[in-house]
Each structure stands twice: as C-alpha cells, then as structure tokens.
Amino acid sequence: MTAAKTWNQEEYWGLGYDFDPQWTLTPAQQQLQAELIELCAKVLRPQAIESDRGLVYPRRNFEALASLGLLGLFVPKEWGGLGESHTCAAMVVETIARYGCPSTAMCYTMHLGATAAALFRAHQSPVLQNLLKRLDADVLIGTLSYSDPETGSHFWYPVSSRARQVGESWEVFKKASWTTSAGFADWYIVQTTSPEFDGNYSDLSCFLIFKEEVKAEPHKWDALGLRGNQSGTLLVDGVTVPLDRMVGPKGDGTASNDEIVDPFFLLCSSACWNGIAMGAIDIAKRHVTRKKHVDVGMRVADYPTIQDYFGEAIIDTNACRMFTFSMGKLMDDLTNDCDWSIHADLTALPRSVHLPWYWQIKFAAAKNVAHVCDKMLHACGGSGFKKDMEIERYLRDGKAGWVMGPTNEVLRQFVGKLALLGFESLDYWNQSVNERVLHNELKKLDADGKRRLAEQLLAEAASAEAPVPQKVLATSAV
Ligand SMILES: Cc1cc2nc3c(=O)[nH]c(=O)nc-3n(C[C@H](O)[C@H](O)[C@H](O)COP(=O)(O)OP(=O)(O)OC[C@H]3O[C@@H](n4cnc5c(N)ncnc54)[C@H](O)[C@@H]3O)c2cc1C
C-alpha cells in the first residue's frame, strides 16, 4: 500500500494518492515523487508566489531541482544522469506544476525538450556530451527557441532566421518572438533554415547557442500568467560558432521536430496543464472542507452542487492524466525506456509515427485546465477571487495552455483535417496548392481578369527562371 501523501512532514491537505494513477510509476519513481512534493512544500511553492508577484525568474527552484538530479532526468546514468523515462518526466513536470510552481514546470518542460534535442544527436558530439554531463552539478538550464515573429504560433516556420558557413564556423542569425527563460537560460537549442537555404522552409537545422551569445529583453516581460516563465524575445545576431555547434547533421531540423521537440514538449506541457488542474482541485478542497455557513450548519463541501463540481473536475482531469501517461508509456515502449543509444542510427525515429496522438493529449489537457480552474474558482466563491488563496494564480497560469503553440485552434484543425483529408493536406510549409480553392477563385474572373492574371504569372515565371547574377548571390546569402 502507498504511504500517505505528506506536506512538510504532515498529512497533505489536498487529494491523496488514492486519486493519483500511482500504478503507472515504478517504486523508485514513487519515491522520487514523494521527495519532490516535500521540496515543493519547502522551496518551490513559496518561490511560485514571489515569481508571480514580482516577475522573478525561478532559478532558485532550478537549484533545488538540481539537488535531486532532475536537470539530467533522462541523461544516461553513465553520463551522470538519472537515466529516467518519459513516464517519469510526465510525473515530475505534473508534480512541479501541481504542488510547486507552474512557471518552473514550464521552464523545466522547455529544459527537458532542449535536453532531449541534445541527447538525440549527442553520440558523435563531445560538445553536447560535455554539456549533458554537467547539467545538475553546474545547474545549466536549457530551453528551446523556435517561435518566429513573422509566423506566430507556426513555430516550425522560421522565416526570420538563417545560418551560413563562414570558413570553419557557422554564422547563426535567430530572431525569436518567444523563448521561455530567455536571457536566464544557460544554453539554447535554436532552429533556423539550413545553411545554403534555397527557399524550401522544410530544410531546417538546429544549433547549440550559449548564454553569452544571445540578446534578450527580460525587462519587457509581463503577462497574465506563468509570470516567472519569462518567455521573452531572443536574438542571436549573426553570432559565429564552431562547426560542432550544429546539433545533428545539416537539415536535421524536421526529424528533430517530429521525433523530439514535438513529442517531448507536448507530453511534458500536457503534464504541466494536468498538474495545474490538480493543484486547483487541491486548493479548492482545502477551502470547501473548512469554510462553514453557520445559518444552515453546513460546510461548503456539504452542498451537492459543490460535490458535483469536484466529481466532474476529478474525472475529467484524470482522463487527461491517463491519456498523457499512456503516451509516456508508449514512448518508453518504443525506445527501450528512453534508451538514447537507439539514435546512434540517425534514421531511428520511433516516436514521430505517433505525432497526431501527442497533438491530442495537449489539446485535451489545455482545454481541461481552463475549465477545471474556472469551476474550482466558482466552488470557492469570492474567497477564491482573492490572491491569498492562490487559486486565481492557477487559473491565470492554466490559461497559457490553450494559446501556447501549437495552439488548440491549430491542433484540433490538424487532427480533423488529417482524419478527413490525409497528411498531405496539413501542408506545414505552405508548399502544396489547393486546386479546389484556386479553380473556384479563377471561376470568378472574367476574360479580362484572366488575361491580366495570366500576363502577371508569365512575367513572374520568367523572372523566377532568369539566371541570378553572381554578385547578388554573394550578398543575398546573409
Ligand atoms: C507562456 C508562453 C511560453 C512560451 N514559450 C516558448 C518557448 O519557450 N519557445 C518558443 O519557441 N515559443 C514559445 N512560446 C510561443 C508559442 O509557442 C507561440 O508561438 C505563441 O504563443 C504564438 O503567439 P502569437 O501571438 O504569435 O499567436 P498567433 O499565431 O498570431 O495566433 C493568433 C490566433 O490565430 C490562431 N491561429 C494561428 N494559426 C492558425 C491556423 N493555421 N489555423 C487556425 N487558427 C490559427 C491561433 O490559434 C490564435 O487563436 C510561448 C508562449 C507562451 C504563451
């Protein structure tokens, strides 16, 4: 039988382990979870309040996580990490979000995504191995810098970024509109179009960039929720880095996205939204079981309406948790429990086959957290509206779920379109022509309009086929 859940060595005041899917965890993972809950009580939760009020980056929480070896959670044991699994990663992120600090959980999600992107291509890379071996000892926080100011939440489309080879170096230019931990992280995985880019935006490459090579603007960060997350702009302004800072081979960006960045981000961020939902249920339980109405001699928890709120919130959230943990288990099964040595074969991409399932867990978790936090606030009445109960912070933090890319609008459309029209219809990089739309629009033109359009198209085709003078080529590469 699982021991009782504790908080500062006393019985936990929220829901106990009987509402947690403990059977998805090994005994060692359950032990880690219990230690992490205590760390949340002592360090992470007080810091969450400070981060939210003062927009403070939660580095102190990362130092605490490093004391449990959690920065190298799935770094192999022979490199000094915990050698843990995808399921464990989901549990750790959920635990940090629920009992500790949602901002830290999101920064940690990005750290795990960046760590996974590095581990994916570390086999032949002393520079990546050296970094991965020092994550906990030196508290080296990583993050992912993908989103582009020109393409919004289509983060796989970095039109404002590029790279080129200059002698024995890469010159990297990255302009990012959002990067969690921007300016606070010690290392960044950034994505640009590949060197020798020829207009094909699916040709992407990844680079390892260090703190002193980026320009960030943390003073501009101010947001509704996840206020410690500091997801500001980031500029890598034509920085020259050695050739071994390319992560994986040239053009590996799409494989890295589909196999690593999407699966890890969607798994861990789903766990974050589920943790926030559970955290709101915990806080609300504490309040409604204590608050009494003297006139009717009842506690708030004694009203059937309130009981219904909790029943529905727990059932819906546990459905999302089981969905998320089942994807973690699938990823474990596909990779011999997150054995990175399978990627010594660069063509091994077992996680990416299930991409539509990662989209679904994120949609469900991000949709659920907003609803559950809303209902838990209702259950707490006016008291929940005040800051000291903390439930309004969970509500604000949970709101980030829906809008973070891939946004829930994009995800539900991906899934629906895929189911109805097939994979090609998703057209990530705007490459395939929708003949139905094209012909329907052309039908609306009269003969004159058609002629004018035809002339314009012929001129454009001629200019596209004209040879480019050598001098222009040399300058347009930057
Ligand atoms: C707290 C937080 C942390 C973040 N951290 C990071 C990070 O670490 N790294 C990183 O790279 N990015 C990060 N992001 C950025 C995030 O992934 C998105 O890129 C960003 O939220 C998009 O914002 P936008 O204003 O450009 O939205 P827009 O893309 O302009 O979206 C506006 C609206 O249009 C909808 N929309 C967009 N495209 C479509 C479509 N094809 N079909 C239907 N509707 C569509 C959206 O769903 C939304 O409703 C973070 C964002 C947040 C909120």
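# Briefing: domains, ligand shell and helix packing

The chain divides into domain 1 (6–138 + 254–417), domain 2 (142–252) and domain 3 (441–476). This is a predicted model. A ligand lies between domain 1 and domain 2, because both give residues to the shell around it. The points below cover the domains, the ligand, two helix pairs and helix H9.

**Domains**

- Domain 1 is written in two stretches, 6–138 and 254–417.
- Domain 2 covers 142–252, and domain 3 covers 441–476.
- The centres of domain 2 and domain 3, taken over C-alpha atoms, are 33 Å apart.

**Ligand shell**

- The ligand has 24 residues around it.
- Nearest to the ligand are Gly152, Thr180, Gly405, Thr407 and Glu409.
- Four elements each give two or more residues to this shell: strand S3 (142–145), strand S5 (169–179), helix H10 (400–403) and helix H11 (408–421).
- Sorted by class, the shell holds eleven nonpolar residues, twelve polar residues and one charged residue.

**Helix H3 against helix H7**

- Helix H3 (residues 86–100) packs with helix H7 (residues 304–334) at an angle of about 150 degrees. Their axes are 7 Å apart.
- The angle is over 145 degrees, so H3 is roughly antiparallel to H7.
- On the H3 side, His86, Thr87, Ala89 and Ala90 make the contact.
- H7 contributes Thr324, Phe325, Gly328, Lys329, Met331 and Asp332.
- This contact of H3 with H7 has four nonpolar, four polar and two charged residues.

**Helix H3 against helix H4**

- H3 also meets helix H4 (residues 102–120). Their axes come within 7 Å and cross at roughly 160 degrees.
- H3 and H4 are therefore roughly antiparallel to each other.
- From H3, the contact uses Ala89, Val93, Ile96, Ala97 and Gly100.
- From H4, the contact uses Pro102, Thr104, Ala105, Tyr108, Thr109 and Leu112.
- Eight residues of the contact of H3 with H4 are nonpolar, three are polar and none is charged.
- Ala89 of H3 takes part in the contact with H7 and in the contact with H4.

**Helix H9**

- Helix H9 (residues 391–398) is largely enclosed by the rest of the structure, because seven of its eight residues are buried.
- The buried residues are Ile391, Glu392, Arg393, Tyr394, Leu395, Asp397 and Gly398.
- Their cover includes helix H1 (27–54), H4, helix H6 (253–290), helix H8 (355–385) and H10.
- H4 thus appears twice here: H4 contacts H3, and H4 helps cover the buried residues of H9.
- H10 helps cover H9 and gives two or more residues to the shell around the ligand.

Conventions
Residues are numbered from 1 along each chain as its sequence is written. This is a predicted model: local features need pLDDT of at least 70, side-chain atom pairs count only at pLDDT 80 or more; totals for chains, interfaces and linings use all residues. A residue is near a molecule or strand if its C-beta atom, placed from the backbone, lies within 6 Å of it. Ala, Val, Leu, Ile, Met, Phe, Trp, Tyr, Cys and Pro count as nonpolar, Asp, Glu, Lys and Arg as charged, and the others, Gly among them, as polar. Domain bounds come from an automatic or database domain assignment. Axes are lines fitted to C-alpha atoms, for helices over the stretch in contact, and angles run from 0 to 180 degrees between N-to-C directions. Angles under 35 degrees count as roughly parallel, over 145 as roughly antiparallel, 65 to 115 as roughly perpendicular and the rest as oblique. Two residues are in contact if their C-beta atoms, placed from the backbone, lie within 7 Å. A residue is buried if 20 or more other C-beta atoms lie within 10 Å of its own, exposed if 12 or fewer, and partly exposed in between; C-beta atoms are placed from the backbone.
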